[in-house]
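Q: I have a protein in front of me and would like to go through it step by step. Could you please guide me?

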Amino acid sequence: IKGRGHVLLATARMAAAAVWLAVAGPPADCFIVDQVAAAMPVLRLLTGAPVVFYCHFPDQLCDPNRAAIGGRRAGTAVVGKGL
């Protein structure tokens with residue numbers, strides 16, 4: 001929409017994909033979500049299955065000073081309690 005609304009539309013697409021997956025997709029024991037977290041509450045609400053949000057930010061690899069400042073590398077997984 002004239003170069004605007006990328007985040008809003010990505011969130012809406014991911015939520016719609018999560019609804020489709022929960023309603024028409026194959027049954028799953030667990031879901032892994034990357035980049036757009038909008039699917040997490042939808043999947044939890046509709047399926048009751050555990051959801052893992054994998055925090056992968058490849059743009060962090062473009063900054064050579066990031067490792068020196070934070071001491072962590074991109075691709076670190078964050079797993080919430082209760083899984």
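A: Let us begin with a term: a residue counts as buried when its relative accessible area is under 20%, as exposed when that area is over 50%, and as partly exposed in between. By this rule, 17% of the 83 residues of the protein are buried. Please keep in mind that this is a predicted model.

Q: How much surface does the protein expose, and what share of that do carbon and sulfur atoms supply?
A: The protein exposes about 6300 Å². Carbon and sulfur atoms supply 63% of that area.

Q: What pLDDT does the protein average?
A: The average pLDDT is 75, and 65% of the residues score at least 70.

Q: Which elements have the lowest and the highest mean pLDDT?
A: Among the elements, helix α3, residues 66–70, has the lowest mean, 53. Helix α2, residues 39–47, has the highest, 91. In addition, the pLDDT is below 50 over residues 73–83. Even so, that stretch has 16 contacts in the model beyond near neighbours in sequence.

Q: Now the fold. How many helices and strands are there?
A: The protein has three helices and two strands. Read from the N terminus, their order is α-β-α-β-α.

Q: How do strands β1 and β2 run, and how many bridges join them?
A: Strand β1 (residues 31–34) and strand β2 (residues 51–54) run parallel, joined by four bridges. For example, F31 has V51 as its bridge partner in β2, and D34 has Y54.

Q: What handedness does the crossover from β1 to β2 have?
A: The chain passes from β1 through α2 to β2, and this β-α-β crossover is right-handed.

Q: Which side chains of β1 are buried?
A: F31 and V33 are buried, and they point to one face. I32 and D34 point to the other face and are not buried. In general, side chains in a regular strand alternate between the two faces of the sheet.

Q: And on β2, is F53 buried or exposed?
A: F53, which lies in strand β2, has a relative accessible area of 18%. The cut-off for buried is under 20%, so F53 counts as buried. From C-alpha to C-alpha, F53 and D34 are 5.9 Å apart in space, although 19 residues separate them in sequence.

Q: Let us turn to α2. Which residues are buried there?
A: The buried residues in α2 are A39, M40, V42 and L43. Viewed down the axis of α2, the buried residues fall within an arc of 165°, so they line one face of the helix.

Q: What do those buried residues of α2 pack against?
A: They pack against α1 (6–24), β1 and β2.

Q: What is exposed on the other side of α2?
A: P41 and L45 are exposed there. Just after α2 comes G48, which takes a positive phi of about 75°.

Q: Moving to α1, is W20 buried or exposed?
A: W20, which is found in helix α1, is exposed, because its relative accessible area of 55% is above the cut-off of 50%. The C-alpha atoms of W20 and L43 are 9.9 Å apart in space, and the two residues are 23 apart in sequence.

Q: One more residue: where does V36 lie?
A: V36 lies in the loop that connects β1 and α2. Its relative accessible area is 23%, so V36 is partly exposed.

Q: Which residues is V36 in contact with, leaving aside its neighbours within four places in sequence?
A: V36 is in contact with A10, T11, M14 and F53. In addition, V36 and V7 are 9.1 Å apart from C-alpha to C-alpha, with their positions 29 residues apart in sequence.

Q: Lastly, among contacts between residues at least 6 apart in sequence, what share joins residues at least 24 apart?
A: That share is 24%.

Methods:
Residues are numbered from 1 along each chain as its sequence is written. This is a predicted model: local features need pLDDT of at least 70, side-chain atom pairs count only at pLDDT 80 or more; totals for chains, interfaces and linings use all residues. Side-chain values use heavy atoms; hydrogens and water are left out. pLDDT is the predictor's confidence in each residue, from 0 to 100. Contact means heavy atoms within 4.5 Å. Two strands pair if DSSP finds at least two bridges between them. A crossover is right-handed if, with the strands pointing away from the viewer, the path from the first strand over the helix to the second runs clockwise. Buried means under 20% relative accessible area, exposed over 50%, partly exposed in between (1.4 Å probe, protein chains only). Accessible areas come from the Shrake-Rupley method with a 1.4 Å probe; for residues, only the protein chains shown count as cover. The arc is that of the directions from the helix axis to the C-beta atoms.
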